[in-house]
Amino acid sequence: MSGLGAYRGIKGEGVWQRYGLWLLAAALCLLIGLVAGIITAADIAEQNSELGTFADTFLKALPELAMDSSLETGTALAGNWRFFAVIWFLGLSVFGIPLVGLLLFLRGFALGFSVSFLVGRQLSAGLLVAILGVLPQNLLLVPAMIIAGTLAAVFAQKLWHGKVLWRSIGVYSGCFILIFLVTAVAAWLQGYVSPVLLKGVLSLI
């Protein structure tokens, strides 16, 4: 039993060394981008009154806007798949790791900027838009981005050390197919669920 426990400990340590540090690095890139987006949105909101006026007008008109759910879902799906396809491709290059980190940073920046700007303009309405319009799909997308970034970095590292076989490429690609399915659910939430929740709640304010 002690030998089996030691083997499991060594195996678990190997898995952590292989994936854990890259998982933390991917999450950190996303988090830094998120914080940078929040700070930038706060600065712009103070300096650009026209942009703030546009945001205020948008929030007030949102309950009356007609939205094409199928179009919104298709647009979100295409954008998500392009993003994750690029990360998949970067994982096939030994030089792709820095670019994966950059993509995660930019995605985090966009998320932090949009949420911070909306909440900063109108606290109650902006917070509802952030929770109902942004949060549902990102509960799936954020973990998917971190996992995809980790897989790409680990695979690129294997390429660097010459440890990649054709079977490894198949497993790597299969993991991304599962991620694509998750992003499809996120796109459906963005197109069909979030708009209904937003309109229903904002019409009551």
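Confidence in this predicted model is highest in helix H3, with a mean pLDDT of 94, and lowest in helix H2 (residues 49-61), with a mean of 63. For the protein chain as a whole the average pLDDT is 82, and 75% of the residues score at least 70. Residues 1-13 stay under 50, and the model gives this stretch 0 contacts beyond four places in sequence. Where pLDDT is low, the predicted coordinates should not be read in detail.

**Nonpolar core**

The largest nonpolar core comprises 20 residues. Within this core, the residues with the most contacts are Phe84, Ile87, Leu104, Met145, Phe176 and Ile179. Two or more core residues come from each of helix H1 (2-47), H3, H4, H5 and H6. H5 supplies the largest share, 8 residues. Ile179 illustrates the packing: setting aside neighbours within four places in sequence, Ile179 is in contact with Phe84, Ala144, Ile147, Ala148 and Leu151. Phe84 thus appears both as a contact of Ile179 and among the residues with the most contacts inside the core.

**Pockets**

Rolling a probe the size of a water molecule over the atoms shows where empty space is left. The two largest pockets are set out below.

| Pocket | Volume | Lining by class | Largest contributor |
|---|---|---|---|
| Largest | about 570 Å³ | 13 nonpolar, 9 polar, 2 charged residues | H5, 7 residues |
| Second largest | about 210 Å³ | 8 nonpolar, 1 polar, 2 charged residues | H6, 5 residues |

The largest pocket has a volume of about 570 Å³. Its lining consists of 24 residues, and those closest to the pocket centre are Glu72, Gly133, Val134, Gln137 and Gln190. At least two lining residues are supplied by each of helix H3 (69-91), helix H4 (97-121), helix H5 (123-160) and helix H6 (166-202). H3, H4, H5 and H6 also each give two or more residues to the largest nonpolar core. H5 provides the largest share of the lining of the largest pocket, as H5 does for the core.

The second largest pocket is lined by 11 residues. Nearest its centre lie Tyr19, Lys158, Ser168, Val171 and Tyr172. The elements that contribute two or more residues to this lining are H5 and H6, and H6 gives the most. Of the lining residues of the second largest pocket, 8 are nonpolar, 1 is polar and 2 are charged.

Notes. Residues are numbered from 1 along each chain as its sequence is written. This is a predicted model: local features need pLDDT of at least 70, side-chain atom pairs count only at pLDDT 80 or more; totals for chains, interfaces and linings use all residues. Side-chain values use heavy atoms; hydrogens and water are left out. On a 1 Å grid over the protein atoms alone, a cavity is a set of points where a 1.4 Å probe fits but cannot get out, and a pocket is an open set with protein on both sides within 12 Å along at least five of seven lines; lining residues have an atom within 4 Å of a point. Grid points are joined across faces, edges and corners, and a volume is the space filled by probe spheres set on the points. Helices (H or I, at least four residues) and strands (E, at least two) are DSSP runs, numbered from the N terminus. Ala, Val, Leu, Ile, Met, Phe, Trp, Tyr, Cys and Pro count as nonpolar, Asp, Glu, Lys and Arg as charged, and the others, Gly among them, as polar. A nonpolar core is a set of buried Ala, Val, Leu, Ile, Met, Phe, Trp, Tyr and Cys residues joined through side-chain atoms within 4.5 Å. Buried means under 20% relative accessible area, exposed over 50%, partly exposed in between (1.4 Å probe, protein chains only). Contact means heavy atoms within 4.5 Å. pLDDT is the predictor's confidence in each residue, from 0 to 100.
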